[in-house]
Amino acid sequence: MATLCRLKLGSWMGQACRLHTSSSVSAKLHYKMLVLGGGSGGIAMSARMKRMLGAENVAVVEPSEMHYYQPIWTLVGAGAKSVNSSGRLTESVMPSGVKLVKSKVQEINPEKNVVRTDDGAEISYEYLIVALGLQLHFEKIKGLPEGFDHPKIGSNYSVQTVGKTWKALQEFKEGNALFTFPNTPIKCPGAPQKIMYLTDAYLRKTGKRSKANIKYFSSLPVIFSVKKYADSLWEIVKKRDLEVNLRHDLIEVRADKQEAVFTNLDKPGETKVVEYEMLHVTPPMGPNSAVKNSLLADEVGWLDVNKETLQHKKYPNVFGIGDCTNLPTPKTAAAVAAQSAVLQRTIKQVLKKEKPDQKYDGYTSCPLVTSYNTVIMAEFDYSFQPLETFPIDQGKERRLMYHMKADVMPHLYWHGLLRGLWGGPGPYRKLMHLGMK
């Protein structure tokens, strides 16, 4: 047929060829389960869906060549890990047999069960899992992202800028080291202050701490949302002589002058200019544009899902996981792990026309790195109450928890979560606490 087309044997034959080609493409671009996004949630769910539905019925839409384990970037920015250790080829972490569509999602139409990609392709689906993550908005801070062309400024939130954090830390001589937390939801809300504690530890180790003023500027009214861990962090701040400025938001970076401009959120119009020798920027973040511009979004732009079942509130054949959702819990890889187990159960029951009965409790974990060998392992639920796995006080700095963060968790991520085999520590928590009140 292709040969006849090339020979152009008449207009009728040409039309027939085009019809044949079009129908075959359409057949290939329909999947029982379509997953949008190849991050932690998307890969984990594609692995789980492969086992449930068969690889030939599952596809993932993801344009990136590389997949990164982003939680380790806190340690990369402090020189404790290499950036190369955080990345693997996307194709290498894909479940075998599952189709990888290397395109960017442009439009989601849940009324027609169709997704359109940036290369013009249309993919139809029976069921949809949205795992598109969120978007960084460095550009919402005046002077960025072009400010990263200058030295002494970095950010652990992108692979392009995390190395600059380590370079700025190494080159620090004396003056102010500034760390920021924006006035938006962000992924891993503990990360902006983790690099502050590591900077303090590094400067002490290299004999420069006495020449440094370490300052944290956060838009939040608290240092951490869970009181138990916040109390521990305040003790560390006091003991290590760290300056914390709450309700302050970074609005401008004057990189040529090494100045950062903050606004006081409690006193609109009041700004403060602070010179820096080192600046770590946590950028404002927001919903994925394809989600925000679709009928799937809530009024702010996040994917509108049931917080217990992760099923979309309006479209029952659509589900969500991870940072793109409006789940009222911090956006972390640990949350994705717990969500993946619940979502698998939800989808299994929806396929059987049953009512979902397993509920996501909002579990998330935030390993608060406080030095090069200590971590406070924060674990909590939707109510911001501790939900701890180990039968010890996790509100204390511990060397054991540092090894969990630096060594155990990356292994769990690559070999457990991404293979759809790790759904969080929930089942083990009960065993750990047997015999305890």
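**Exercise 1. In which loop does Phe384 lie, between which strand and which helix?**

Work through the backbone of this predicted model.

- Step 1: Phe384 lies in the loop between strand S21 (375–380) and H11.
- Step 2: Check its backbone. Phi of Phe384 is near 60 degrees, a positive value in a residue other than glycine.
- Step 3: Put that in context. Most residues other than glycine have a negative phi.
- Step 4: Look at the cover. Phe384 has 29% relative accessibility, so it counts as partly exposed.

**Exercise 2. Find what stands out in the backbone of the loop between S9 and S10.**

- Step 1: Start with Pro145, which is found in the loop between strand S9 (134–136) and strand S10 (153–154). The peptide bond from Leu144 to Pro145 is cis, with omega near 5 degrees.
- Step 2: Go on to Lys152 in that loop. Its phi is near 75 degrees, which is positive although the residue isn't glycine.
- Step 3: Is Lys152 buried or exposed? With 17% relative accessibility against a cut-off of 20%, Lys152 counts as buried.

**Exercise 3. Locate the kink in helix H11.**

- Step 1: Take helix H11 as residues 399–417 and go to Val408, where there's a kink of about 40 degrees.
- Step 2: Look a little further along: the proline Pro410 comes shortly after the kink.
- Step 3: See which H11 residues are covered. Buried ones include Met401, Tyr402, Pro410 and Trp414.

**Exercise 4. Work out what two of the 21 salt bridges connect.**

- Step 1: Pair Lys32 with Glu126; their closest N and O atoms are 3.4 Å apart. Lys32 sits in strand S1 (residues 30–36) and Glu126 in strand S8 (residues 122–130), so this bridge ties together parts that are 94 residues apart in sequence.
- Step 2: Check exposure for that pair. Lys32 is partly exposed at 26%, and Glu126 is partly exposed at 37%.
- Step 3: Now pair Asp200 with Arg204, with closest N and O atoms 3.0 Å apart. Both lie in helix H7 (residues 191–205), 4 residues apart, about one turn of the helix.
- Step 4: Recall the helix geometry: an α-helix has 3.6 residues a turn, so residues three or four places apart point the same way.
- Step 5: Compare the cover. Asp200 is buried at 1% relative accessibility, whereas Arg204 is partly exposed at 43%.

**Exercise 5. Decide which stretch to read with caution.**

- Step 1: Take the overall score: the chain averages a pLDDT of 93.
- Step 2: Look at residues 1–27, where pLDDT stays under 50.

Conventions: Residues numbered from 1 in each chain as written. Predicted model: local features only at pLDDT ≥ 70, side-chain atom pairs only at ≥ 80, totals over all residues. Heavy atoms only, no water. pLDDT = per-residue confidence, 0-100. Contact = heavy atoms within 4.5 Å. Bend = angle between axes of the 7 residues up to and from the residue. Helix = DSSP H or I, 4+ residues; strand = E, 2+ residues; numbered from the N terminus. Buried < 20%, exposed > 50% of the residue type's maximum accessible area, 1.4 Å probe, protein only. Salt bridge = Lys/Arg side-chain N within 4 Å of Asp/Glu carboxyl O.
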